[in-house]
Amino acid sequence: MQTNPAHTSLVALGDSFTEGMSDLLPDGSYRGWADLLAARMAARTPGFRYANLAVRGKLIGQIVEEQVPVAVAMGADVITLVGGLNDTLRPKCDMGRVKGLLTEAVERLTPACKELVLMRSPGRQGPVLERFRPRMEELFVHVEELAQRHGALVVDLYGAPSLGDPRMWDIDRLHLTAEGHRRVAEAVWQGLGHDPQDTEWHTPMPATLPPGWAARRVADARFARQYLLPWIGRRLTGRSSGDGRTGAQFSAELGKAFWVTPVDHTNPGPVTDWRQVGP
């Protein structure tokens with residue numbers, strides 16, 4: 001692996017994990033690991049370009065249809081692809097179709113970049129995701145097989161003890177906190193061959209006393225009211241939290257990501273251009 005490579009561009013594809021939820025900024029926008037990684041890479045390379053095409057709620061079929069063609073046309077040095085987990089969380093999931101679409105994405109993206117980055121996504125410890133864990137692990141085995149077949153880089157977040165800790169996850173229990181995203185950015189940074197800034201990103205967090213029974217019940221009720229019931233409602237009505245949204249992009253001047261908001265919200269269309277990052 002090349003040490004401290006000089007990449008000139010990055011395109012990130014995926015869903016809410018890559019969009020940056022729940023690394024919330026004061027103005028209500030999200031940052032996330034991809035923006036943090038882009039800022040680091042831009043600091044090393046004048047004229048660095050970055051586009052984040054990820055949108056919350058997207059299934060792998062939507063990523064292949066809406067994001068992959070845009071990324072292929074951009075011809076980036078580095079492309080990151082994380083997708084399929086939203087599919088595994090659906091009550092009915094055709095894993096053969098999911099793996100087939102992921103294969104299609106990798107086959108189209110590999111010749112369009114110098115480095116394709118795939119991931120074994122982090123998995124929160126706890127009972128909520130246990131019923132879906134076999135599907136997740138089946139997906140991750142396929143990711144490994146695709147990486148070996150096509151020479152892609154796999155960043156193993158699923159095997160990192162620190163990212164399985166519930167304290168690394170937001171109250172919705174589906175998205176990482178700001179500290180979680182920072183650690184993911186560090187993992188990808190190192191995977192690309194850069195000198196570590198945090199050699200302990202994957203180590204477990206120091207133990208603390210768990211919350212009491214009453215506090216856990218209050219947290220469970222809040223989670224169900226604010227996140228679980230709306231999520232179930234969207235599944236029953238065929239809606240997605242990403243409806244009407246396009247990808248976020250990064251502004252070096254503002255130091256944050258922002259939504260590219262279409263004039264016609266009923267027909268948003270894909271992000272098709274770069275944003276300049278760095279001098």
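**Briefing: helix H3, strand S3 and the cores**

The buried residues of helix H3 are covered by, among others, strands S1 (9-14), S2 (49-52) and S3 (78-82), along with helices H4 (85-88) and H5 (95-109). Keep in mind that this is a predicted model. Zooming out, the chain has nine helices and eight strands, and buried residues account for 50% of its 279 residues.

**Whole chain**

- If you take contacts between residues at least 6 apart in sequence, 75% of them join residues at least 24 apart.
- The chain exposes about 13100 Å², with 55% of that coming from carbon and sulfur atoms.

**Helix H3**

- H3 covers residues 60-74, so to speak 15 residues in a row, and its first and last C-alpha atoms are 20 Å apart, close to the 21 Å expected at 1.5 Å a residue.
- There's a kink of about 40° at Gln-67, shortly before the proline Pro-69.
- Gln-67 is also one of the buried residues of H3, and that list includes Ile-60, Gly-61, Ile-63 and Val-64 ahead of it, then Val-68, Val-70, Ala-71 and Met-74.
- Right after H3 comes Gly-75, with a positive phi near 60°.

**Helix H2**

- H2 (residues 33-44) has twelve residues and should span 16 Å at 1.5 Å a residue; the distance of 17 Å between its end C-alpha atoms agrees with that.
- Its buried residues are Trp-33, Ala-34, Asp-35, Leu-37, Ala-38, Arg-40, Met-41 and Ala-42.

**Strand S3 and its partners**

- Five of the five residues of S3 are buried, so the rest of the structure largely encloses this strand.
- Both faces of S3 are covered, with Val-78, Thr-80 and Val-82 buried on one side and Ile-79 and Leu-81 buried on the other.
- S1 and S3 run parallel and are joined by five bridges; Gly-14 has Val-82 of S3 as its bridge partner.
- S3 and S4 also run parallel, with four bridges between them, and Val-78 has Glu-115 of S4 as its bridge partner.

**Val-117 in strand S4**

- Val-117 sits in S4 and counts as buried because its relative accessibility is 0%, against a cut-off of under 20%.
- Leaving aside residues up to four places away in sequence, Val-117 touches Val-78, Ile-79, Thr-80 and Leu-81, plus Leu-153, Val-155, Val-188 and Leu-192.
- Val-117 and Ala-152 are 35 residues apart along the chain, yet their C-alpha atoms are separated by 5.9 Å.

**Nonpolar cores**

- In soluble globular proteins, nonpolar side chains tend to be buried together.
- Here the largest nonpolar core has 34 residues, and the ones with the most contacts inside it are Val-11, Leu-13, Ile-79, Leu-81, Leu-109, Leu-116 and Leu-118.
- S1, H3, S3, H5, strand S4 (115-120) and helix H6 (133-150) each give two or more residues to this core.
- A second, separate core has 30 residues, including Val-78, Met-119, Leu-157 and Ala-187.
- S3 shows up in both places: Ile-79 is among the best-connected residues of the largest core, while Val-78 belongs to the second one.
- Back in the largest core, Leu-118 touches Leu-81, Val-106, Val-143, Leu-146, Ala-147, Ala-152, Leu-153, Val-154 and Val-155, again not counting residues up to four places away in sequence.

Methods. Residues are numbered from 1 along each chain as its sequence is written. This is a predicted model: local features need pLDDT of at least 70, side-chain atom pairs count only at pLDDT 80 or more; totals for chains, interfaces and linings use all residues. Side-chain values use heavy atoms; hydrogens and water are left out. Buried means under 20% relative accessible area, exposed over 50%, partly exposed in between (1.4 Å probe, protein chains only). Contact means heavy atoms within 4.5 Å. Accessible areas come from the Shrake-Rupley method with a 1.4 Å probe; for residues, only the protein chains shown count as cover. The expected span of a helix is 1.5 Å times one less than its number of residues. The bend at a residue is the angle between axes fitted to the seven residues ending there and the seven starting there. A nonpolar core is a set of buried Ala, Val, Leu, Ile, Met, Phe, Trp, Tyr and Cys residues joined through side-chain atoms within 4.5 Å. Two strands pair if DSSP finds at least two bridges between them.
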